[in-house]
Structures are given as C-alpha cells and as structure tokens.
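Please open the model in your viewer, with side chains shown as sticks, and follow the selections below in order.

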Amino acid sequence: MHAQTRFIAFALFLACAQYVAAQAESPGGQKASFTMSISLVHGTVKPGSEVPVTVEATNTSAGPFDFIIARGGASLYTIQVFDSAGKAVPLTPFGAALQRGRYLHEEGKPPRVLVGSAGGHTIAPGETAKDMVDLDERFDLSKPGSYTVQLERLDPATKLTVKSNIVTLTVAN
C-alpha cells in the first residue's frame, strides 16, 4: 500500500473516530436527544468570502424533539474556530457583540441593537433538521491558512452538551 493511501485511510479512520467520540454521552450512560453533524458549503474560500456551515441535527431519542433555530441575534451554538497552530481565531466586532448579547459599536457609526428571531421544528425519531451558520460574520478569517471548526449545542431535554464533528476550512488567495 502506498504511503499516501495509508495516510488517507488513517485520516478517514480518525475522522470517523472523532465523529463517534463527539456525540454526547454522560458518564452515567445517558445519551443526548440528538446528534449533530456539520459540513462546509465551500471547503476552500478566499479571504473575505462568505463561509456558510450546514448543521444537521438528527433525533436519536424515542420521541419527538423540538429543535429551535435562531435567525439573527445570538447563536444557539458555541462555535469554535482554531487556526493551524491551534490558536482560537479572533472574533469580528459583530461576533464579539453577538457573544456579549448586546449591541454593536463601530467607529463612526451609530450603535446597533442586535436582535433576532427563532423558530422551531419538531423532529420525529430518526429524522434530521437542517440549520445554517455563517462563520465569516463572526470570525476574522481574513488571513490565508487552514482552520478547524466545531460546534456545540446544549440538549435542553438531557442538559448534555452535544458536539459536532470537526471540519477543516482552507482560506486561500
């Protein structure tokens, strides 16, 4: 087997292992009501481009599950973005304001109050709901490089934190 083929096989194994390990389970064996998987609409983007992330939540419980989706305002996800050195990527002014849950002050502009709305889907057991998250408005992705992205979300039914898989984004000129 060629070294490159072995590397690809090993990378796929690690990716699958990360996905399985990322699904929430408490030390007592309680499982979350849903699993969460993310994917990038575009794996490679130019600096300043939009970076939409598709989120899929699958109901793994025995009953219906209400999945809330927020539009504008604060996110229901904790979003982690790291550069290739493992350092957290800085937030944009908008991202910092969202994290504080208040309003945005930009030099020379009037303050903006950050409000949003939310809606929900009732997901039957085994069904999946989709959501989108835009990274570019929250994180400074202006420097070329490789970035890892992972989302977390609280399961309101079990109070467990559900983690997504980890995806890699490339920003290139």
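Begin by selecting Phe 34, Phe 65 and Phe 67, which together form one aromatic cluster. The model is a predicted one, in which local features need pLDDT of at least 70, side-chain atom pairs count only at pLDDT 80 or more, and totals for chains, interfaces and linings use all residues. Residues are numbered from 1 along each chain as its sequence is written, and side-chain values use heavy atoms, with hydrogens and water left out.

Rings of Phe, Tyr and Trp (its six-membered ring) are taken as a pair if their centres lie within 6.5 Å, and planes under 30 degrees apart count as stacked, over 60 as edge-to-face and the rest as tilted. By this rule there are three aromatic pairs. Keep Phe 34 and Phe 65 selected: their pair is tilted, with 5.1 Å centre to centre and 35 degrees between the planes. Phe 34 belongs to strand E1 (residues 34-40) and Phe 65 to strand E4 (residues 65-72), so this pair ties together parts that are 31 residues apart in sequence; strands (E, at least two residues) are DSSP runs, numbered from the N terminus.

Phe 34 counts as buried at 1% relative accessibility, where buried means under 20% relative accessible area (1.4 Å probe, protein chains only), and Phe 65 is buried as well, at 6%. Next, add Phe 67 to the view of Phe 65: these two form a tilted pair, 6.4 Å centre to centre with 45 degrees between the planes, and Phe 67 is also buried.

Finally, select Arg 153, whose charged end sits over the ring of Phe 67, 4.1 Å from its centre, a term that requires CZ of Arg (or NZ of Lys) within 6 Å of the ring centre and within 35 degrees of the ring normal. The charged end of Arg 153 also sits over the ring of Tyr 77, 5.1 Å from the centre of that ring.

Technical notes:
Helix = DSSP H or I, 4+ residues; strand = E, 2+ residues; numbered from the N terminus. Buried < 20%, exposed > 50% of the residue type's maximum accessible area, 1.4 Å probe, protein only.
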